[in-house]
Amino acid sequence: MKCPYCGGLETRVLDSRQTEDGYVVRRRRACDSCGRRFTTYETAEVSMMMVVKKDGRREAFDRTKVKNGIVRACEKRPVSMDQIDQVVNSIEQSVYSSGEKEVTSGFVGELVMNALRDLDQVAYIRFASVYHEFADVEKFAEEIDKLRQNSKEEHLDSGDAPRTVRIAIDGPSGAGKSTIAKKVASRLGFDYIDTGAMYRAVGYKMRKEGISPDDSKAVHALLEHTEIDFRNGRVFLDGEDISDRIRTPEISKAASECAEIPEVRTKLVEIQQEIGRSKNAVMDGRDIATRVFPDAQYKFFLTASPEERASRRYREQKEKGLDCNYEEVLRDVRERDYRDMHRKTDPLRKAKDAVEIDSTNLSEEETVGAILSRIHIQKEK
């Protein structure tokens with residue numbers, strides 16, 4: 001190893017140790033020519049990861065750039081270089097374990113933001129002001145208020161009661177949200193709350209009782225006497241297991257229609273929020289990150305092309321023995337997308353701080369891995 005100070009070629013290793021995560025070896029070296037000491041880091045060589053910039057340009061992921069940005073944010077703060085190196089190692093690991101061939105610069109920026117929020121709040125504000133391009137002092141005040149609120153929540157119960165963790169997964173119909181959310185919840189040991197099943201249950205009951213979405217009084221009366229519960233992965237409506245009756249195209253359409261009714265959304269949002277406040281939970285739906293839990297610690301927007309989503313739904317219906325046509329399924333997918341994105345109450349949209357994951361070319365396991373790689377539960381204790 002060439003000495004960075006005098007250029008001497010004779011250097012020796014004084015000490016070697018692994019970082020806490022085990023992915024990097026830190027070596028302390030001394031130059032035999034000038035006697036000065038320096039540190040090197042050894043990592044495994046992996047395939048080059050590309051980062052997609054906001055303007056569409058692509059460049060190789062460079063840990064040095066990430067480190068330089070963090071060093072500038074931490075200038076004159078009580079943060080050691082060892083701490084910064086640990087953060088950079090963690091970010092690099094998250095990037096390469098994302099399960100994707102390339103990541104966006106926004107994804108890398110959010111990893112840095114999350115790390116700095118835990119490391120040093122002043123450094124976090126400095127970085128956030130540049131990353132989010134704060135235009136005035138009000139933006140600074142708003143971000144500081146968020147930090148204060150999060151700090152209050154973390155210390156409300158300073159005894160043994162842990163802070164609940166909420167993971168929100170939004171996305172269009174047929175993106176595989178329920179399947180992925182169930183697996184994520186299972187891997188983390190969290191409860192899975194199928195919010196889509198709630199709307200399906202209400203849509204099922206409205207159809208069964210012949211109630212029109214336009215009859216607000218009848219809808220209100222129905223909601224007053226409706227109970228929805230989840231037990232062992234099954235959906236119960238007024239005490240009756242209806243899990244197998246609410247996965248048909250007709251009920252999917254009914255769920256989308258009743259989701260446009262303000263009274264229905266208000267009722268179900270209240271139930272969802274109550275559940276999320278009491279336990280660690282993974283929820284999926286159309287507006288979990290934007291309406292139900294805008295303060296969720298982890299937000300994802302899971303999507304796929306309309307054609308891929310239609311293919312998945314077509315295969316699923318065929319496996320159930322249902323008579324269906326691919327072109328009709330594709331038309332239904334596109335129509336539901338339009339209804340969900342243009343409804344007046346809580347339309348489908350990606351939360352500003354949500355991580356978008358396109359599963360068009362990903363397997364279920366790859367999609368689950370992409371989500372889990374971005375979740376660090378140990379920080380929420």
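## A walk through the predicted fold

Strands E9 and E10, the latter covering residues 234-237, are joined by four bridges and pair in the antiparallel sense. This is a predicted model, and the E9–E10 pairing is a pleasant place to start looking around it. Within that pairing, Asp229 has Phe236 of E10 as its bridge partner. Helix H7 (residues 195-208) packs on the sheet here, where it touches E9, E10 and E11, and its direction makes about 130° with that of E9.

The sheet itself is open and has three strands in the order E9-E10-E11, paired antiparallel. Strands E9 (228-231) and E11 (240-241) are the edge strands with a single partner strand each, so one side of each has no neighbour in the sheet.

### The protein as a whole

Stepping back, the protein contains 14 helices and 14 strands. Of its 381 residues, 43% are buried. Among contacts with a separation of 6 or more, 63% are between residues 24 or more positions apart. The accessible surface of the protein is about 21,100 Å², and carbon and sulfur atoms contribute 46% of that.

### An enclosed strand

How many residues of strand E12 are buried? Five of the five are, so this strand (residues 281-285) is largely enclosed by the rest of the structure. Both of its faces are covered: Ala281, Met283 and Gly285 are buried on one side, as are Val282 and Asp284 on the other.

E12 also has strand partners. Strand E7 (residues 166-170) runs parallel to E12 and is joined to it by five bridges, with Arg166 having Ala281 as its bridge partner in E12. Strand E8 (residues 191-194) pairs with E12 as well, in the parallel sense over four bridges. There, Tyr192 stands opposite Val282 of E12.

### Two helices that cross

Two packed helices are described by the angle between their axes and the distance between the axes. For helix H6 (residues 177-188) and helix H14 (residues 364-372), the axes come within 10 Å and cross at roughly 55°. H6 and H14 are therefore oblique to each other, and the crossing in which H6 passes H14 is right-handed. The residues that meet include Ile180, Val184 and Leu188 in H6, and Val368, Ile371 and Leu372 in H14.

### Some individual residues

Arg336 lies in helix H13 (residues 326-342). Is this arginine, Arg336, buried or exposed? Arg336 has a relative accessible area of 9%, so it is buried. Leaving aside neighbours within four places in sequence, Arg336 is in contact with Ser173, Arg200, Ser252, Ala255, Ser256 and Arg286. Arg336 and Glu257 are 79 residues apart in sequence, yet their C-alpha atoms are 9.3 Å apart in space.

Two loop residues are worth a look for their backbone. Lys76 is not a glycine, but has a positive phi of about 60°. Asp238, also a residue other than glycine, has a positive phi near 55°. The table sets out where each one sits and how accessible it is.

| Residue | Loop | Relative accessibility |
|---|---|---|
| Lys76 | between helix H1 (63-73) and helix H2 (81-96) | 77%, exposed |
| Asp238 | between E10 and E11 | 38%, partly exposed |

Asp238 brings us back to the opening sheet, as its loop lies between E10 and E11.

Methods:
Residues are numbered from 1 along each chain as its sequence is written. This is a predicted model: local features need pLDDT of at least 70, side-chain atom pairs count only at pLDDT 80 or more; totals for chains, interfaces and linings use all residues. Side-chain values use heavy atoms; hydrogens and water are left out. Two strands pair if DSSP finds at least two bridges between them. Helices (H or I, at least four residues) and strands (E, at least two) are DSSP runs, numbered from the N terminus. Contact means heavy atoms within 4.5 Å. Axes are lines fitted to C-alpha atoms, for helices over the stretch in contact, and angles run from 0 to 180 degrees between N-to-C directions. Buried means under 20% relative accessible area, exposed over 50%, partly exposed in between (1.4 Å probe, protein chains only). Accessible areas come from the Shrake-Rupley method with a 1.4 Å probe; for residues, only the protein chains shown count as cover. Angles under 35 degrees count as roughly parallel, over 145 as roughly antiparallel, 65 to 115 as roughly perpendicular and the rest as oblique. A crossing is left-handed if the near helix is turned anticlockwise from the far one by less than a right angle, and right-handed if clockwise.
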